[in-house]
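User: I have this model open and would like to know how the terms used for it are justified. Could you take me through the reasoning?

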Amino acid sequence: MRMRTLLPSLLLFSQAPSLFAQGSCTQVSAVVYFGNGVGSGVTTIKSAMASLGDLKSDVKGSLSSDEQRKYSFKLAFNHSGGKLADVIETARQTLGNEWPTLLVALILRDARLLSLVPDEAKNGFNDFLTNRTIQEMVAPGASNSDVDTQVQSYESDIGEGKKVIVVAHSQGNVFANLAFQRLDANSARYFAIVPVASPESFVRKNLVGHVRFADDLVIGGVELAKAAIGLAVPLAVNDEDDVDADFLSHGFSEAYLADPSSNRFIVQGVISTVAGLQNPPGGAGQGIITVTLTWGANPDVDLHIYEPTGGHVFYSARTGAFGYLDVDDVTGFGPEHYFASCESFLTDSLAVGRYRFGVNYYSGSSPETAVVTVKTPTSEITRSVVLSAARGSSGDNSMVPVADVVVSRSAATGAFDFSIQ
Amino acid sequence: MHRIKTRLALPTAAALFASAQIAMGAPIRFSIRATDAAPPLAGTIFLDLIDGDGMAGSSARVTDLSLPPTAMDGPVSPLLPDGFLLTDEALISTLAFATANVYEGLAFTLDAEWIGDGAIGFPDALVLGFTDADGIPLFATADPRGENVFLILSAAGGENYVPAPFSLSVREPGSEAVPEPRSMALFALGLGLMGALAVRRKRGLAVLALLAVSAGAAAAALNDVTGQITLDKAPLVYNRATRTFHGLVTVRNTSASVLGAPMYLVVSGLPAGVSVNNAIDLTVDGKPMLKLPVPQNGLLPGGAIPDFLVRFHNPDKLKFSAVFRVLSFSGALPPDPGEGGKSTLAGIDANGNGIRDDVEIYIAANFGHSEKLREALNQMAVSTQKGIVATTVQQSMDAANADMRSMECLRYVSPGSKAWKSLEAVSLNTPDRIRAWEAHEERLGGKVFPSAENEKASCGFDPDLLNN
């Protein structure tokens with residue numbers, strides 16, 4: 001892969017992020033992803049968000065303020081392919097008239113609402129949910145294709161000079177291992193996993209070891225189930241839950257972050273992994289909005305950008321009013337990369353508004369799939385577009401639209417809002 | 001605690017009650033049987049003495065039984081020359097009569113002694129019911145608890161729900177039985193007389209406590225109005241199938257003011273192991289609250305909420321003494337949509353502020369003590385609802401990013417708060433909403449969500465301007 005010349009003058013990143021409520025102008029050197037376990041297969045995402053928030057809080061609490069600014073945090077959300085029907089039927093039979101609410105409270109382990117549920121109902125249902133979680137991990141129903149979007153994000157971050165660390169909990173380890181296998185060889189050098197309560201027997205890339213409680217009932221159950229059917233058993237026990245706030249000793253926040261020794265492993269594991277990974281060369285710039293385009297083996301798919309003031313940024317006009325096409329590729333696979341600079345947003349009120357991103361299949365001999373990852377400080381999306389035939393320069397002014405980012409700024413707080421459409 | 005040795009709220013007894021002194025201490029003969037011939041039906045007749053106030057001292061002497069008991073449970077002791085003494089040393093003491101034909105009924109003479117006046121907990125009572133071998137009632141009755149018992153006898157008054165084809169006769173031992181239908185009429189009259197004696201109706205503690213005060217003029221606040229109401233309590237009965245105890249509470253507004261809706265009955269005084277069945281609201285200090293069925297314009301002076309059912313889950317049959325308070329809203333809240341709010345995914349948002357009304361009320365009732373927390377949860381209610389009604393990846397992504405901001409905002413206003421869990425559980429309060437959420441999360445599988453650096457900026461309001 002040959003990259004056209006980088007624009008060196010564009011690599012001047014502001015270190016004056018205080019004007020930005022989102023702090024997005026800081027040069028980030030590491031992105032810590034939390035890869036959640038799928039639990040009981042329902043109502044997982046806010047637990048995952050809460051776990052990410054707890055992880056972020058604890059890691060930042062161990063860093064100096066200068067170091068804190070070099071980290072950013074994201075959720076790589078994993079969803080179970082499990083079905084709800086059996087859970088719902090059990091809840092309907094055992095939890096009374098308010099069963100939908102109490103079912104969610106049981107799955108989320110909401111101590112507040114569960115104070116209203118008799119112990120015998122709680123215990124019976126907890127056993128049911130635990131068994132279901134174990135079964136899910138022994139024979140997962142989730143689609144592996146979900147991982148591809150996460151891989152795009154990892155590669156995009158690495159391309160922008162950021163190390164990627166995935167703190168994977170429970171079944172999140174399955175997805176993290178799979179993601180590593182799908183990373184391109186170059187990106188894989190700057191990627192590592194911190195495994196927590198892994199049901200897997202291995203970790204694909206790891207610098208610091210793992211943590212598993214002796215009394216983790218879920219992984220213990222997975223071990224028994226896997227051994228019974230001749231599968232390799234999970235990574236070994238190496239710690240104990242001394243807090244016992246979680247009767248399963250399995251929850252990420254409730255058990256593994258709550259226990260002091262495990263917390264230390266996770267937090268220091270992240271920091272040590274960041275220290276241990278090499279710095280990615282960072283061919284692409286960091287900005288407040290970034291777009292990464294990749295595709296297959298055909299020679300050239302081009303990224304096109306229309307900025308809010310109407311400027312068209314593409315291979316023959318790589319410098320826009322607010323951003324830059326800093327990586328352009330004509331030899332297949334990509335990436336191509338655009339970033340809207342922080343400086344523009346700091347200094348130019350015209351930088352707010354609508355950014356339109358699209359692609360043109362410039363040259364190639366077969367149908368091609370373009371994959372575009374759009375990142376802002378508060379949202380991120382990866383979309384695929386199938387392109388049937390190359391159009392050469394005739395397509396330069398009629399790009400296939402992929403995504404818009406609408407930027408607005410609060411007059412009251414100065415905070416920017418980013419909406420990917 | 002003074003002792004009331006009483007004749008019960010029964011026809012002849014009640015008449016005697018009216019003449020006071022002879023009401024006390026005299027046994028009464030009860031007879032329940034089917035008047036019409038019916039094919040034999042096997043079942044079990046239960047006589048339960050159920051403690052309602054958590055104290056000991058009430059007893060029932062049951063003699064001259066038409067059937068021998070086939071089982072007994074709890075503090076029951078034989079009497080000489082015949083009969084049994086049931087006491088409230090435990091929560092429930094039982095005489096069970098398994099019979100090949102329940103239509104033959106049961107006759108017995110009762111001499112009961114009740115302590116207390118029902119002000120604490122529920123009145124102690126003797127309850128008679130007919131069930132099958134699994135504890136399921138054999139006959140539907142008019143029992144407002146839905147438990148289909150036949151008779152409830154207590155110091156608070158008798159409750160007679162004996163259904164056709166059975167008839168009840170009540171008399172003093174040795175006297176002529178009062179025949180149907182006159183006994184029923186007298187029974188009703190007896191209840192009225194008992195009501196006049198005002199044993200059952202007891203006023204709650206006259207404590208006015210402000211639980212939540214909001215600085216915003218239009219914001220709703222939840223106030224303790226126990227001093228402005230009376231609470232009448234009718235005895236507990238036991239459901240053998242669900243192992244729950246069911247009592248009735250009647251709330252009457254005795255003040256000159258309208259008590260604003262929604263209103264809640266707060267239940268406290270419960271030991272570990274006893275819970276209120278099916279409550280989903282909690283006070284700040286974790287006491288269960290039951291939403292009272294109040295008209296949208298509030299409970300008018302003199303108005304009453306009759307026979308509100310309170311169910312206790314108590315599998316270990318622990319004695320308990322429930323304490324009640326009543327809370328009422330002041331200020332602006334949308335009307336409670338009730339079951340109507342569950343019929344669609346979108347629910348009802350009558351005040352058009354973007355927050356589902358049932359969730360808005362829940363947040364105000366459960367977390368209204370903190371303006372910051374309430375506003376953060378209101379923001380989350382909106383983002384959660386976006387996820388519930390989402391049908392496309394774009395809508396689910398927008399909702400999830402909004403939820404990330406809501407979670408960050410909550411972390412800013414209340415670090416460590418787990419209130420999002422209760423909010424999500426209450427938001428997903430129907431099967432359709434749970435399924436919609438499942439589809440929403442499925443659309444989010446594999447997606448990436450960045451965490452914003454500035455949690456305060458994730459609030460759609462300025463939390464630092466709020467009072468608490």
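**How the terms are earned**

Analyst: Happy to! Bear in mind that this is a predicted model.

User: What makes chain A and chain B count as being in contact, and how many residues are involved?

Analyst: The test is whether C-beta atoms of two residues, placed from the backbone, lie within 7 Å. By that test, 53 residues of chain A are in contact with 49 residues of chain B. On the chain A side, α1(A) gives the most, with seven residues. By class, that side has 24 nonpolar, 19 polar and 10 charged residues.

User: How do you know that β2(A) pairs with β24(B)?

Analyst: Pairing takes at least two DSSP bridges between the strands. β2(A) and β24(B), residues 448-450, have three bridges, so they pair, and the sense is antiparallel. One place to look is L75(A), whose bridge partner in β24(B) is F449(B).

User: Which strands make up the open sheet, and in what order?

Analyst: There are five strands, ordered β4(A)-β3(A)-β1(A)-β2(A)-β24(B), and the pairing is mixed. Within it, β1(A) and β3(A) run parallel over six bridges, and F34(A) stands opposite V167(A) of β3(A). α1(A) lies across β1, β2 and β3 of chain A, at about 160 degrees to β2(A).

User: Why are β4 of chain A and β24 of chain B said to stand at the edges?

Analyst: Each of these two has a single partner strand, so one side of each is left without a neighbour in the sheet.

User: Why is α8(A) called mostly covered?

Analyst: A residue is buried when 20 or more other C-beta atoms lie within 10 Å of its own. Eight of the 11 residues of α8(A), which spans 172-182, meet that mark, so the helix is called mostly covered. Among the buried ones are F175(A), A176(A) and F180(A). The cover includes β1, α7, β3, α9 and β4 of chain A.

User: What makes the largest nonpolar core a single core, and which residues have the most contacts inside it?

Analyst: Its members are buried nonpolar residues joined through C-beta atoms within 7 Å, so they count as one set. This core has 228 residues, and V32(A), I165(A), V167(A) and I266(A) have the most contacts inside it. Helix α5 of chain B, residues 393-413, gives the most to this core, with nine residues. Leaving aside residues up to four places away in sequence, I165(A) touches residues including V32(A), A192(A), V194(A) and V270(A). As general background, nonpolar side chains tend to be buried together in soluble globular proteins.

How values were computed: Residues numbered from 1 in each chain as written. Chains lettered and ligands numbered in written order. Predicted model: local features only at pLDDT ≥ 70, side-chain atom pairs only at ≥ 80, totals over all residues. Helix = DSSP H or I, 4+ residues; strand = E, 2+ residues; numbered from the N terminus. Nonpolar A, V, L, I, M, F, W, Y, C, P; charged D, E, K, R; others polar. Buried ≥ 20, exposed ≤ 12 C-beta atoms within 10 Å, placed from the backbone. Axes fitted to C-alpha atoms, helices over the stretch in contact; angles between N-to-C directions.
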